[in-house]
Amino acid sequence: MYAMVIVRYRRPIEEVLAQQEAHRAFLRKLKEEGTLLAAGPNEPRFGGMFLVRVPDENPQQALDAIRDADPYYQAGVAQYELMQWNVVIGKDALDTL
């Protein structure tokens, strides 16, 4: 199962930037583990998005754990929308990442 994580900043950008390195280190760890496929900020800079791979069993639990461990969430600078995604077209390509 795949999921999109939409991040919207709740605090001024200066407060977000103070947490940015910890957030990106967290995302790099997810990438190394094979969970994160892609991530980046929106333009203009009001939030960001990332694409993750989560287990088919209890995907919402996995998504909640990702959100809860993210330094942006822990610092209260962003809100999260967690959307499970049943990829139909292009799934084979995603599975190879």
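Buried here means under 20% relative accessible area, and by that cut-off the buried residues of α1 are Val16, Gln20, His23, Phe26, Leu27 and Leu30. Do keep in mind as you look around that this is a predicted model. A good place to begin is the pairing of His23 and Asp70, whose side chains are joined by a polar contact of 2.8 Å. From there, the briefing moves on to helix α1, some backbone details, the salt bridges and Leu37.

**Asp70 and His23**

- Asp70 sits in the loop that runs between α2 (59-69) and α3 (71-74).
- Although Asp70 is buried, it has no salt bridge. Arg67 is the nearest side chain of opposite charge, and it is 9.2 Å away, whereas a salt bridge calls for a nitrogen and an oxygen within 4 Å.
- Asp70 does have polar partners: its side chain reaches the backbone nitrogen of Tyr72 at 2.9 Å, and the side chain of His23 is 2.8 Å away in a polar contact.
- Setting aside neighbours within four places in sequence, the residues in contact with Asp70 are His23, Phe26, Phe50 and Tyr80.
- On the other side of the pair, His23 belongs to helix α1 (residues 13-33). Its relative accessibility is 7%, so His23 counts as buried.
- With residues up to four places away in sequence left out, His23 touches Phe50, Asp70, Pro71 and Tyr72. Phe50 therefore appears in the contact lists of both His23 and Asp70, if contact is taken as heavy atoms within 4.5 Å.

**Helix α1**

- The 21 residues of α1 reach 29 Å from the first C-alpha to the last, which is close to the 30 Å expected at 1.5 Å a residue.
- Look for a kink of about 45° in α1, centred on Gln20. Gln20 is also one of the buried residues of this helix.
- Which elements do the buried residues of α1 pack against? They pack against strands β1 (2-9), β2 (36-41) and β3 (47-53), and also against α2 and α3.
- After α1 comes Gly34, with a positive phi near 90°.

**Backbone details in the loops**

- The peptide bond from Glu43 to Pro44 is cis, and its omega is near 0°. You will find Pro44 in the loop between β2 and β3.
- Asn58 has a positive phi, near 60°, in a residue other than glycine. This residue is placed in the loop between β3 and α2.
- The relative accessible area of Asn58 is 45%, so Asn58 is partly exposed.

**Salt bridges**

- The model has seven salt bridges, among them the ones described here.
- Arg8 and Glu81 meet through their side chains in a salt bridge, at 3.0 Å from N to O. Because Arg8 lies in strand β1 and Glu81 in strand β4 (residues 78-85), this pair ties together parts that are 73 residues apart in sequence.
- Both partners are partly exposed: Arg8 has a relative accessible area of 34%, and Glu81 has a relative accessibility of 31%.
- Arg28 makes a salt bridge with Glu21, and their closest N and O atoms are 2.6 Å apart. Arg28 is partly exposed, at 43% relative accessible area.
- Arg67 pairs with Asp68 in another salt bridge, with the closest N and O atoms 2.9 Å apart.
- Is Arg67 buried or exposed? Its relative accessibility is 19%, so Arg67 counts as buried, given that the cut-off is under 20%. Asp68, by contrast, is partly exposed at 36%.
- Asp64, Arg67 and Asp68 are joined into one network by salt bridges that share partners.

**Leu37 in strand β2**

- Leu37 is found in strand β2, and with 13% relative accessibility it counts as buried.
- Although Leu37 and Val52 are 15 residues apart along the chain, their C-alpha atoms are separated by 5.6 Å.
- Beyond its neighbours within four places in sequence, Leu37 is in contact with Tyr2, Lys31, Leu51, Arg53, Leu94 and Leu97.

Key: Residues are numbered from 1 along each chain as its sequence is written. This is a predicted model: local features need pLDDT of at least 70, side-chain atom pairs count only at pLDDT 80 or more; totals for chains, interfaces and linings use all residues. Side-chain values use heavy atoms; hydrogens and water are left out. Helices (H or I, at least four residues) and strands (E, at least two) are DSSP runs, numbered from the N terminus. Buried means under 20% relative accessible area, exposed over 50%, partly exposed in between (1.4 Å probe, protein chains only). Lys and Arg count as positive and Asp and Glu as negative; His and the chain ends are not counted. A polar contact is a pair of N or O atoms within 3.5 Å; within protein, one must be able to donate a hydrogen and the other to accept it, and residues adjacent in sequence count only if both atoms are side-chain atoms. The expected span of a helix is 1.5 Å times one less than its number of residues. The bend at a residue is the angle between axes fitted to the seven residues ending there and the seven starting there.
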